[in-house]
Amino acid sequence: MRLRSVFYVLLMFALTACKQEAKEAVAETETQSETAKAFDWKAANLYFLLTDRFNNGDTTNDVNFERNKETAVLRGFEGGDLKGITQKIEEGYFSDLGINAIWMTPIVEQVHDGTDEGTGYTYAYHGYWTKDWTQLDPNFGTFEDLAALVEAAHSNGIRILLDAVINHTGPVTEQDVVWPEDWVRTEPTCTYTSYETTVECTLVKNLPDIKTESNQDVELPPALVAKWKAEGRYETEMAELDAFFARTGHPRAPRFYIMKWLTDYITDFGIDGYRVDTVRHTEAYVWQEFKKECDYAFNAWKEANPDKVLDDTPFYTVGEVYGYGINDGLMTNFGDVQKDYYKDAFTAMINFDLRSQEADVDYEAVFSRYDSILNTTLADYGTLSYLTSHDDGYPFDKARENTYTAANLLLLTPGGSQMYYGDEVGRSLLIEGTNGDATLRSAMDWEAYAQDAEAQRLLTHYQKLGQFKNNHLAVGIGRHQQLAAEPYTFSRTYADGEDTVVVALNAPKGAKIIEIGMAFAEGTTLRDAYSDKTVTVKDGQVSLTSDATLVLLEAIDE
């Protein structure tokens with residue numbers, strides 16, 4: 001994929017001036033301490049979006065490969081693309097939300113035709129039906145678009161995650177042939193009763209399963225070879241594959257081809273991490289191999305681009321082990337065996353536990369439990385918690401009736417947080433006429449949200465919470481301590497007091513007294529980041545008058 005590298009270098013040269021201006025603008029607005037500016041994946045405030053459903057920045061790429069058949073509701077391409085994401089980065093939308101990382105659904109070239117899996121005719125708008133890992137799908141954009149997106153994100157202190165799919169190809173259609181038998185299996189379908197019936201099988205019917213367990217040398221699929229030759233890049237791709245296998249010593253087995261193709265996006269564009277799809281459906285050692293190649297590629301990119309490196313934060317891998325909860329600790333139970341998918345593979349796991357809380361949340365029970373586990377069993381790792389997502393039909397507050405509680409729970413629970421696109425404006429998760437997970441995947445209606453007063457109030461709430469979390473590592477990885485029950489108040493302290501915050505939830509509107517305890521010394525001047533009011537600690541308390549029921553207290557830099 002060296003052609004992408006050429007595009008990337010040329011584009012980066014053209015954008016150097018823009019990058020410097022962005023850096024200067026960021027520097028002017030930074031008022032937090034060095035500790036507050038620091039970044040740790042364990043405390044990430046991440047935004048997850050469906051590339052096709054977020055923002056349409058280029059209407060000229062909305063239809064490709066004659067994908068113009070009628071689909072079921074919300075099962076076709078809607079026009080969202082990389083340019084649309086970049087537009088929102090440059091507008092400051094993510095920065096205003098305190099977002100420091102963006103994860104987007106896969107952007108590689110998808111199967112050209114559609115299919116019906118039982119929920120209506122569907123195109124691969126979601127990005128999980130790969131046809132060619134070495135090319136971007138034109139519906140999402142070009143390599144130049146991706147380079148510009150990463151550059152814009154990094155200029156704003158935002159890291160970029162792509163989505164890695166190694167487990168399967170896209171389905172077989174009239175236009176998309178099945179890969180050879182030494183690459184994939186097409187049966188049986190997984191029954192999930194044991195380790196074998198979860199791994200050596202297809203997730204669903206007509207979703208060919210990559211033989212990730214194979215160490216057999218295999219030739220490239222003839223259809224892929226023909227495609228590359230037609231596109232005039234066969235020799236380049238083959239030369240890169242030869243170099244990869246010569247360097248690594250890996251057999252030319254299916255999984256290693258895909259690892260090479262995926263890690264090219266690290267060396268070519270400097271992405272910061274991968275969210276890894278369907279982890280439990282693939283052997284644990286595969287992810288250890290993948291992490292090793294990701295780390296190598298990230299280090300190579302940093303050595304080649306020292307002026308573009310944000311800091312010394314390692315490459316991030318977060319795994320989707322479907323159903324994993326923080327209480328599971330390090331192990332995933334298949335019934336007949338247990339597997340540790342963290343070991344030498346993942347920085348964090350997506351945590352399915354938080355979204356299962358009752359609407360009347362017991363904040364202290366949740367916060368103290370997470371604090372305990374993240375500082376013992378998972379002390380060397382992390383979690384990425386969410387309340388809504390693209391494929392979980394049982395999200396917290398599906399009817400969007402407790403949106404402010406959802407924001408508080410998501411952004412104040414210890415660990416990393418995954419905001420799903422539209423959470424911050426109450427995007428509906430109940431769309432008439434949809435089948436299955438399509439109801440979770442409507443397009444962002446930016447004009448409607450801008451004119452909706454309640455959506456704007458909710459957005460402001462998310463912005464204040466998100467910026468507070470981004471400004472203070474203590475929120476995500478500081479040690480938690482309850483200070484008072486009424487109103488519920490707690491402190492978080494990070495790095496032996498270098499960063500401390502105090503938060504009060506469900507406080508009365510108007511005048512209120514907030515317990516500070518020993519979190520801040522007597523006479524310390526504090527700022528409520530929610531109301532932007534200043535208070536002083538007296539007798540272990542502060543007195544504050546505001547219209548809000550949420551208080552976010554931070555020390556003011558001298």
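This is a short tour of a predicted model, moving from the whole protein chain to the surroundings of one arginine.

Start with the whole chain displayed as a cartoon, where 16 helices and 24 strands can be traced. With a radius of gyration of 24 Å, close to the 24 Å that the globule rule gives for 558 residues, the chain is as compact as a globular protein of that length. If you turn the C-alpha trace along its principal axes, the spans come to about 75 × 55 × 45 Å. Among the contacts with a separation of 6 or more, 74% are made by residues 24 or more positions apart.

Next, switch on the surface, whose accessible area is about 22,200 Å², with 48% of that area belonging to carbon and sulfur atoms. Buried residues account for 58% of the 558 in the chain. Colouring by charge will pick out 48 positive and 91 negative side chains, although the centres of these two sets lie 1 Å apart.

Now select Arg-400, which you will find in the loop between β15 (382-386) and α13 (403-412). Is this residue buried or exposed? Its relative accessible area is 17%, and because buried means under 20%, Arg-400 counts as buried.

Keep Arg-400 in view and show the side chain of Asp-423, since a polar contact of 3.1 Å joins the two side chains. Then add the backbone of Arg-427, whose oxygen lies 2.8 Å from a polar atom of the Arg-400 side chain. To complete the picture, select the residues in contact with Arg-400 beyond its neighbours within four places in sequence, which include Thr-388, Gly-422, Gly-426 and Leu-429.

Definitions and conventions: Residues numbered from 1 in each chain as written. Predicted model: local features only at pLDDT ≥ 70, side-chain atom pairs only at ≥ 80, totals over all residues. Heavy atoms only, no water. Helix = DSSP H or I, 4+ residues; strand = E, 2+ residues; numbered from the N terminus. Rg over C-alpha atoms; globule rule 2.2 N^0.38 Å. Buried < 20%, exposed > 50% of the residue type's maximum accessible area, 1.4 Å probe, protein only. Contact = heavy atoms within 4.5 Å. Areas by Shrake-Rupley, 256 points an atom, 1.4 Å probe, with all protein chains shown as cover. Lys, Arg positive; Asp, Glu negative; His and termini not counted. Charge placed at Lys NZ, Arg CZ, Asp CG, Glu CD. Polar contact = N/O pair within 3.5 Å; in protein donor to acceptor, adjacent residues only side chain to side chain.
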